[in-house]
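Open the model in your viewer and keep the selection box handy. We will go from the whole chain down to single residues, one selection at a time.

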Amino acid sequence: RTVYVNGEYLPEDQAKVSVFDRGFLFADAVYEVTSVLDGKLISFPGHAARLQRSLTELEMASPVSDAELLEIHRELITRNDLTEGLIYLQVTRGAADRDFLYPAPETVPTLVLFTQAKPALEHSPMVQTGMKIVTIPDRRWGRRDIKTTQLLYPSMGKMEARARGADDAWMVEDGAVTEGTSNNAYIIKDGVIVTRHLGEEILHGITRKAVLAFAREAQMKVEERPFTVEEALSADEAFITSASSFVTPVVSIDGADIGTGRPGKVVARLREIYLDEMRKAGI
Ligand code: PMP
């Protein structure tokens with residue numbers, strides 16, 4: 001695999017960053033994950049815009065322009081013969097002697113990108129079976145709208161889900177679902193799609209934005225508001241969205257079936273519209 005590190009394309013065993021990198025020492029870093037279908041980037045402008053927003057919120061310098069970023073993504077697709085999979089990107093505040101205070105502004109940020117080939121990205125078995133979800137308290141920090149690499153709690157959540165015989169976890173705060181460990185969460189009741197409103201409590205999913213727009217274009221009703229676990233349990237269908245899972249059905253929560261306990265029609269239709277439109281718009 002060829003990996004990008006600070007201006008260089010290197011074999012993965014030669015791609016290195018400093019032990020003093022603030023991404024390593026403080027999780028002082030932001031990231032993006034963009035999917036690739038048919039060798040094309042899905043929603044690249046959205047991911048580039050969110051990256052710039054995360055950097056701005058953390059007063060971090062942007063190491064490259066959007067045009068350069070696109071160029072690097074394309075180069076990695078070519079060099080790695082990537083037709084289906086993901087491109088991971090991370091920017092850190094760079095390497096400096098360990099200190100809680102940010103280093104001097106001239107400190108060079110670290111930029112790393114690598115590919116992950118996922119031949120079954122589009123044809124995940126979860127689409128047929130649906131996902132089993134467990135709920136856990138949301139114990140993350142309060143600025144979840146910034147896409148930082150502080151992923152220990154979501155990682156613990158996925159381990160707990162697996163230990164409880166499930167596929168993933170939804171996080172709950174003040175009685176309402178915030179989002180999944182690495183995805184946005186939705187329920188559908190009487191044809192109305194409900195998902196938490198945007199704010200500092202959740203990541204502003206790029207997939208979420210596209211799916212809600214397509215749903216509205218298809219005359220489906222959308223409510224952006226908090227929903228409780230009880231409400232989810234009485235829903236007809238449920239699903240998650242993310243760049244790597246697109247639109248994937250959820251069939252149970254904490255061991256109780258949602259609706260029929262099988263993937264539903266509305267979610268299947270949303271997934272189809274999303275994938276069709278995204279393939280057309282891929283760059
Ligand atoms: N919420 C969280 C916490 C996530 O980690 C992700 C995936 N990065 C999402 C939502 C979905 O965002 P996107 O659709 O941009 O992948």
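The stops below run from the overall fold to the two domains, the ligand, one helix and a few single residues.

**Stop 1: the whole chain**

Start with everything shown as a cartoon, and keep in mind that this is a predicted model. The protein chain holds 8 helices and 15 strands. Its radius of gyration is 19 Å, close to the 19 Å that the globule rule gives for 283 residues, so the chain is as compact as a globular protein of that length. Along the principal axes, the C-alpha atoms fill a box of roughly 55 × 40 × 35 Å.

If you colour by burial, 39% of the 283 residues count as buried. Now think about contacts between residues at least 6 apart in sequence: 71% of these join residues at least 24 apart.

**Stop 2: the two domains**

Select 2-117 and give it one colour, then 126-281 and give it another; the domain assignment calls these domain 1 and domain 2. A distance drawn between their C-alpha centres comes to 26 Å.

Where the two meet, 21 residues of domain 1 are in contact with 13 residues of domain 2. Which elements of domain 1 should you select to see its side of this meeting place? Strand S3 (29-37), helix H2 (44-57) and strand S5 (85-92) each supply at least two residues to it. S3 gives the most, with 8 residues. Coloured by class, the residues on this side of domain 1 divide into 9 nonpolar, 8 polar and 4 charged.

**Stop 3: around the ligand**

Next, centre the view on the ligand, which has 13 residues around it. Those that come nearest are Leu 203, Gly 205, Ile 206, Thr 207 and Ala 243. Two elements give two or more residues to this shell: helix H6 (206-217) and strand S13 (237-242). H6 gives the most, with 3 residues. By class, the shell has 4 nonpolar, 7 polar and 2 charged residues.

**Stop 4: along helix H6**

Stay with H6 and show its side chains. Draw a distance between its end C-alpha atoms: they are 17 Å apart, which agrees with the 16 Å that its 12 residues should span at 1.5 Å a residue.

Which residues of H6 are buried? They are Ile 206, Thr 207, Arg 208, Ala 210, Val 211, Leu 212 and Ala 215. While you look down the helix, here is a handy rule: an α-helix has 3.6 residues a turn, so residues three or four places apart point the same way.

**Stop 5: two loop residues with positive phi**

Just past the helix, select Gln 219, which follows H6. Gln 219 sits in the loop between H6 and strand S12 (221-224). Its phi is near 65°, a positive value in a residue other than glycine. Is Gln 219 buried or exposed? It counts as exposed, because it has 7 C-beta neighbours inside 10 Å.

For a second example, jump to Glu 59, in the loop between H2 and helix H3 (66-79). Here too phi is positive in a residue other than glycine, with a value near 50°. Glu 59 has 9 C-beta neighbours inside 10 Å and therefore counts as exposed.

**Stop 6: His 204**

Go back towards the start of H6 and pick His 204, in the loop between strand S11 (192-195) and H6. With 16 other C-beta atoms within 10 Å, His 204 is partly exposed. Leaving aside its neighbours within four places in sequence, His 204 is in contact with Arg 50, Asp 145 and Leu 198. For a sense of scale, draw a line from His 204 to Asp 21: the two are 183 residues apart in sequence and 27 Å apart in space, C-alpha to C-alpha.

**Stop 7: Val 3**

Finish with Val 3, which lies in strand S1 (residues 2-5). Why does Val 3 count as buried? Because it has 21 C-beta neighbours inside 10 Å, and the cut-off for buried is 20 or more. Beyond its neighbours within four places in sequence, Val 3 is in contact with Leu 10, Glu 12, Ala 15 and Phe 114. One last distance to draw runs from Val 3 to Gln 14, which are 11 residues apart in sequence and 8.8 Å apart in space, C-alpha to C-alpha.

Definitions and conventions. Residues are numbered from 1 along each chain as its sequence is written. This is a predicted model: local features need pLDDT of at least 70, side-chain atom pairs count only at pLDDT 80 or more; totals for chains, interfaces and linings use all residues. A residue is near a molecule or strand if its C-beta atom, placed from the backbone, lies within 6 Å of it. Helices (H or I, at least four residues) and strands (E, at least two) are DSSP runs, numbered from the N terminus. Ala, Val, Leu, Ile, Met, Phe, Trp, Tyr, Cys and Pro count as nonpolar, Asp, Glu, Lys and Arg as charged, and the others, Gly among them, as polar. The radius of gyration is taken over C-alpha atoms; the globule rule is 2.2 Å times the number of residues to the power 0.38. A residue is buried if 20 or more other C-beta atoms lie within 10 Å of its own, exposed if 12 or fewer, and partly exposed in between; C-beta atoms are placed from the backbone. Two residues are in contact if their C-beta atoms, placed from the backbone, lie within 7 Å. The expected span of a helix is 1.5 Å times one less than its number of residues. Domain bounds come from an automatic or database domain assignment.
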